[in-house]
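Here is a friendly walk through one protein model and the two ligands placed with it. Have the structure open beside you as you read.

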Amino acid sequence: MTDDVLVVHGGTPLEGRIRVRGAKNLVSKAMVAALLGDSPSRLFDVPKIRDVEVVRGLLGLHGVKVTDGTEDGELVFDPANVESASTDQINVHAGSSRIPILFCGPLLHRLGHAFIPDLGGCHIGPRPIDFHLQALREFGATVDKRPEGLHLSAPNGLHGTKFALPYPSVGATEQVLLTAVMAEGVTELRNAAVEPEIIDLICILQKMGAIIKVHTDRVIEIQGVPKLHGYTHRPIPDRIEAASWAAAALATRGHVEVLGAQQADMMTFLNIFRSVGGEYEVTDARAPKLGDPGQEGGIRFWHPGGELNAVALETDVHPGFMTDWQQPLVVALTQARGLSIVHETVYEQRLGYTEALNSMGANIQVYRDCLGGTPCRFGRRNFKHSAVIAGPSKLHAADLVIPDLRAGFSHLIAALAAEGTSRVYGVDLINRGYEDFEAKLADLGAHAERP
Ligand SMILES: CC(=O)N[C@H]1[C@@H](OP(=O)(O)OP(=O)(O)OC[C@H]2O[C@@H](n3ccc(=O)[nH]c3=O)[C@H](O)[C@@H]2O)O[C@H](CO)[C@@H](O)[C@@H]1O
Ligand SMILES: C=C(OP(=O)(O)O)C(=O)O
């Protein structure tokens with residue numbers, strides 16, 4: 001752990017321009033979808049992040065030939081040899097990723113069986129997969145959960161089903177989509193997740209030949225088809241990374257332009273950003289400002305000076321305030337005057353990082369109560385899932401250890417906003433979801449270096 005540390009000299013506003021590429025929470029699923037095609041697929045703007053490396057490795061173990069395309073960030077997937085791949089290597093740990101669970105449907109369609117190693121991902125709650133397993137069984141698969149992972153089989157193929165999610169789980173919705181598209185007959189999914197990344201995955205599957213209807217009130221209907229072909233796709237940009245840099249601009253009283261950021265995917269964040277007192281300008285390549293014909297699309301975020309305002313926010317499924325936006329933004333809330341309230345309703349244990357912020361001088365109290373407009377699944381279940389942030393607090397440097405991906409970025413922002421020199425340990429974890437973040441910090445004028 002000693003070499004995995006970043007020395008951060010705080011107190012300098014971040015100023016400059018960075019670019020976000022394909023969304024971490026879509027690109028990895030698009031890669032899995034390529035397994036379903038009977039011809040090659042091309043995916044553009046793939047960020048160089050750990051989650052992509054893990055899925056690229058797993059695809060390779062399953063016989064998919066993954067090569068770099070001609071454009072920077074382009075990957076080409078050739079699934080021709082999946083049936084002949086030897087799968088004895090598959091007991092590889094999923095590492096840091098949650099994606100392996102999404103291989104179930106595609107492998108069952110291609111091979112009639114599958115082994116899925118245990119899952120990684122952020123430690124922000126139990127993160128059960130009961131909805132996934134229930135759905136797979138409803139499609140006709142047998143699922144045997146063992147200590148080393150999941151053993152699945154569907155010798156007679158998979159058939160469509162009617163399935164209602166108890167909670168609009170993103171992963172479980174993707175599990176159903178990736179399985180239903182080639183199942184025999186129609187599948188109706190109720191209470192589905194409808195995040196932008198889900199809709200983009202549906203666009204990819206539709207390009208491949210799938211028939212998917214997105215009805216109102218979170219109902220998705222999939223007509224199974226016997227075969228799918230490859231796709232060519234440029235994914236939606238990473239709205240979580242964009243929001244993370246926006247929060248960094250606010251916390252350090254800086255000005256950051258995020259090229260590639262898309263307003264439509266970030267509207268709830270933009271509303272909160274403005275309510276806190278941040279300023280932003282959407283730049284649209286299709287509607288360039290007068291006199292700036294060559295303008296690229298993106299969003300400029302800046303701290304206008306003066307004080308920030310405390311706000312009350314509740315994380316929720318889309319179109320609510322995304323849970324992954326919460327951790328970076330809270331650092332900016334420590335700088336706002338008054339009492340801010342955060343009610344985290346998606347994950348049970350996503351506020352642990354606030355202890356580190358308190359060790360830097362922040363004033364954050366966490367509660368088991370639902371401190372929000374709507375009671376959530378965690379009320380009276382002993383989970384500290386609400387926080388009150390009193391500000392403004394002057395942050396001072398500290399030694400920090402990163403517990404998970406977004407808390408990692410939150411610690412980075414806090415170190416940048418604090419006075420003095422902090423040491424952020426376990427910083428490599430940030431590479432799981434933020435491409436070239438150290439280079440981006442340098443581009444934005446941050447004073448941070450490896451010892
Ligand atoms: C790789 C990826 O895309 N990760 C995202 C995905 O995670 P992921 O797909 O794991 O998130 P889910 O939406 O499934 O999980 C949210 C909640 O659903 C419940 N649940 C989920 C599945 C299940 O089988 N049983 C169950 O009870 C849990 O309470 C969990 O806390 O969506 C989350 C919510 O937008 C994001 O924070 C993650 O960044
Ligand atoms: C929770 C996250 O990712 P994962 O689901 O991959 O752990 C995240 O991206 O904030």
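## Around the ligands

Ligand 1 has 21 residues around it, and those that come nearest are Lys29, Asp130, Ser169, Asp324 and Arg377. Please keep in mind that this is a predicted model. Two of these nearest residues also make polar contacts through their side chains: an N or O atom in the side chain of Asp130 is 2.7 Å from a nitrogen atom of ligand 1, and one in the side chain of Ser169 is 2.7 Å from an oxygen atom of the ligand. Pro128 takes part through its backbone instead, with an N or O atom 3.3 Å from an oxygen atom of ligand 1.

Now turn to ligand 2. Its surroundings include Lys24, Asp51, Arg98, Arg127, Asp324, Arg350, Arg406 and Arg432, along with Gly121, Cys122, Ile124 and Leu405. Asp324 is thus found around ligand 2 and is also among the residues that come nearest to ligand 1. Three side chains that reach oxygen atoms of ligand 2 are set out here.

| Side chain | Atom of ligand 2 | Distance |
|---|---|---|
| Lys24 | oxygen | 2.9 Å |
| Arg127 | oxygen | 2.6 Å |
| Arg432 | oxygen | 2.9 Å |

## Where the two domains meet

The protein chain is divided into domain 1, made of 3-19 and 236-447, and domain 2, covering 22-231. Their centres, taken over C-alpha atoms, are 30 Å apart. At the interface, 27 residues of domain 1 are in contact with 26 residues of domain 2. Together the domains bury about 2,300 Å², with 54% of that on carbon and sulfur atoms. Which residues of domain 1 lose the most area to domain 2? They are Ile236, His318 and Arg432, which together account for 33% of what that side buries.

Polar links cross this interface too. Eleven residue pairs are in polar contact between domain 1 and domain 2, and there are two salt bridges across the interface. Asp51 pairs with Arg432 in a salt bridge, their closest N and O atoms lying 3.0 Å apart. Both of these residues are also among those around ligand 2. On the domain 1 side, helix H7 (239-251) and helix H11 (405-417) are the elements that give two or more residues to the surface touching domain 2. That side has ten nonpolar, five polar and twelve charged residues.

## Salt bridges in the whole structure

Side chains of opposite charge can pair when their charged atoms come close. Across the whole structure, 29 salt bridges are found. One of them joins Asp68 and Arg56, with closest N and O atoms 3.0 Å apart. Asp68 sits in strand E4 (residues 65-68) and Arg56 in helix H2 (residues 50-61), so this pair ties together parts that are twelve residues apart in sequence.

## Backbone details in the loops

Most residues other than glycine have a negative phi, and most peptide bonds are trans. Some places here depart from that pattern. The bond from His318 to Pro319 is cis, with omega near 10°, and Pro319 lies in the loop between strand E18 (312-314) and helix H9 (323-333). Gly391 and Pro392 are also joined by a cis peptide bond, with omega about 0°; Pro392 is in the loop between strand E21 (386-391) and strand E22 (399-401).

Arg218 has a positive phi, near 60°, in the loop between strand E11 (211-214) and strand E12 (220-223). For Asp436, phi is also positive, near 50°, and the residue belongs to the loop between strand E23 (421-425) and helix H12 (437-443).

Technical notes. Residues numbered from 1 in each chain as written. Chains lettered and ligands numbered in written order. Predicted model: local features only at pLDDT ≥ 70, side-chain atom pairs only at ≥ 80, totals over all residues. Heavy atoms only, no water. Domains from an automatic or database assignment. Contact = heavy atoms within 4.5 Å. Buried area = accessible area lost by both parts, 1.4 Å probe. Salt bridge = Lys/Arg side-chain N within 4 Å of Asp/Glu carboxyl O. Polar contact = N/O pair within 3.5 Å; in protein donor to acceptor, adjacent residues only side chain to side chain. Helix = DSSP H or I, 4+ residues; strand = E, 2+ residues; numbered from the N terminus. Nonpolar A, V, L, I, M, F, W, Y, C, P; charged D, E, K, R; others polar. Near = heavy atom within 4 Å.
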